[in-house]
Amino acid sequence: MFEISNLKFMNILNIPNLIIDRQVTCIMGASGSGKTTFLRMLNRLNAPDEGTILYNGEDISSLDAVKLRRRVVMLGQTPVIYSGDIRDNLQIGLELSQKLAATEQMLKQSLERVGLNKPLDEPCGKLSGGEKQRLCLARVLLMDAETYLLDEPSAALDRETEHFVIHNLANYVQEKDKQLVMVTHSQAIAEHYRDCTILFEAGRTGGYQQ
Ligand SMILES: Nc1ncnc2c1ncn2[C@@H]1O[C@H](COP(=O)(O)OP(=O)(O)OP(=O)(O)O)[C@@H](O)[C@H]1O
């Protein structure tokens with residue numbers, strides 16, 4: 001859960017009060033309304049000029065940023081693919097955060113969650129944009145974080161794949177008692193999660209839509 005008070009950043013964000021306490025939260029709003037800037041603040045990739053952000057009751061500015069980013073993992077808009085095959089690309093997230101390597105079963109399960117039906121030894125060079133995006137999603141799911149911050153996780157996916165991936169993600173966080181905060185432009189997702197949607201307008205928001 002995030003509790004935001006008096007948050008200001010340049011002339012981009014001005015949020016007097018906001019609580020993000022649903023297990024799945026969608027952030028929507030026009031391009032340039034500050035969604036990504038805000039999401040990056042939730043795990044200290046951006047720092048506000050003023051205001052506080054509490055994460056499960058603790059002021060994030062007083063937490064170790066690296067440790068916080070292991071608990072609150074962010075996946076940006078542009079998929080980052082490393083050299084090697086799918087297995088290497090899945091394991092590297094764990095390696096970089098000094099966590100134990102995943103078993104073959106865990107790797108396969110992470111691909112199933114994002115609907116990526118590819119062998120682990122397939123090189124990544126020829127994957128499509130949507131496949132790369134899902135590979136990156138599978139990589140962050142393996143991190144077993146408490147909270148996932150996803151910036152447009154279905155931007156490169158067709159409608160049917162989007163439905164499969166987003167609902168699988170939502171089920172996963174619900175089953176494991178985690179939290180998911182995702183920025184999306186998808187009308188289909190917004191419609192489905194209408195009660196869990198926060199709308200940004202020019203850096204301001206009134207919280208969850210009623
Ligand atoms: N560090 C920064 N310094 C100055 N301007 C910034 C900074 N970060 C973001 N901006 C500007 O703030 C505005 C909001 O950007 P942001 O990426 O948060 O919007 P967004 O709502 O996520 O947009 P989109 O839906 O297109 O991804 C943009 O005009 C952007 O250029």
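Colleague: By class, how many nonpolar, polar and charged residues does the shell around the ligand have?

Modeller: Bearing in mind that this is a predicted model, one begins by sorting the residues of the shell by class, and here the shell around the ligand has 8 polar, 3 nonpolar and 2 charged residues. Altogether 13 residues surround the ligand, and the closest are S31, K35, T36, T37 and H185.

Colleague: Which polar atoms of the protein lie by the oxygen atoms of the ligand?

Modeller: For such pairs, one asks whether the protein atom belongs to the backbone or to a side chain. A polar backbone atom of G32 is 2.9 Å from an oxygen atom of the ligand, and a polar backbone atom of G34 is 3.0 Å from an oxygen atom of the ligand, while for Q77 a polar side-chain atom lies 3.1 Å from a ligand oxygen. Of the 640 Å² of accessible area that the ligand has on its own, the protein covers 57%.

Colleague: Which residues touch the most other members of the largest nonpolar core?

Modeller: In reading a core, one looks at its members and then at the elements that supply them. The largest nonpolar core has 38 residues, among which L90, Y148 and L150 touch the most other members. Elements that give two or more residues to this core include the strands β3 (24–29) and β7 (147–151), as well as the helices α3 (86–96) and α6 (159–175).

Colleague: What does L90 touch, leaving aside residues up to four places away in sequence?

Modeller: With those set aside, L90 touches several residues, including L107, L111, L135 and R139. There is also a second, separate core of 26 residues, with F2, M41, I60 and V181 among them.

How values were computed:
Residues are numbered from 1 along each chain as its sequence is written. This is a predicted model: local features need pLDDT of at least 70, side-chain atom pairs count only at pLDDT 80 or more; totals for chains, interfaces and linings use all residues. Side-chain values use heavy atoms; hydrogens and water are left out. A residue is near a molecule or strand if one of its heavy atoms lies within 4 Å of it. A polar contact is a pair of N or O atoms within 3.5 Å; within protein, one must be able to donate a hydrogen and the other to accept it, and residues adjacent in sequence count only if both atoms are side-chain atoms. Accessible areas come from the Shrake-Rupley method with a 1.4 Å probe; for residues, only the protein chains shown count as cover. Ala, Val, Leu, Ile, Met, Phe, Trp, Tyr, Cys and Pro count as nonpolar, Asp, Glu, Lys and Arg as charged, and the others, Gly among them, as polar. A nonpolar core is a set of buried Ala, Val, Leu, Ile, Met, Phe, Trp, Tyr and Cys residues joined through side-chain atoms within 4.5 Å. Buried means under 20% relative accessible area, exposed over 50%, partly exposed in between (1.4 Å probe, protein chains only). Helices (H or I, at least four residues) and strands (E, at least two) are DSSP runs, numbered from the N terminus. Contact means heavy atoms within 4.5 Å.
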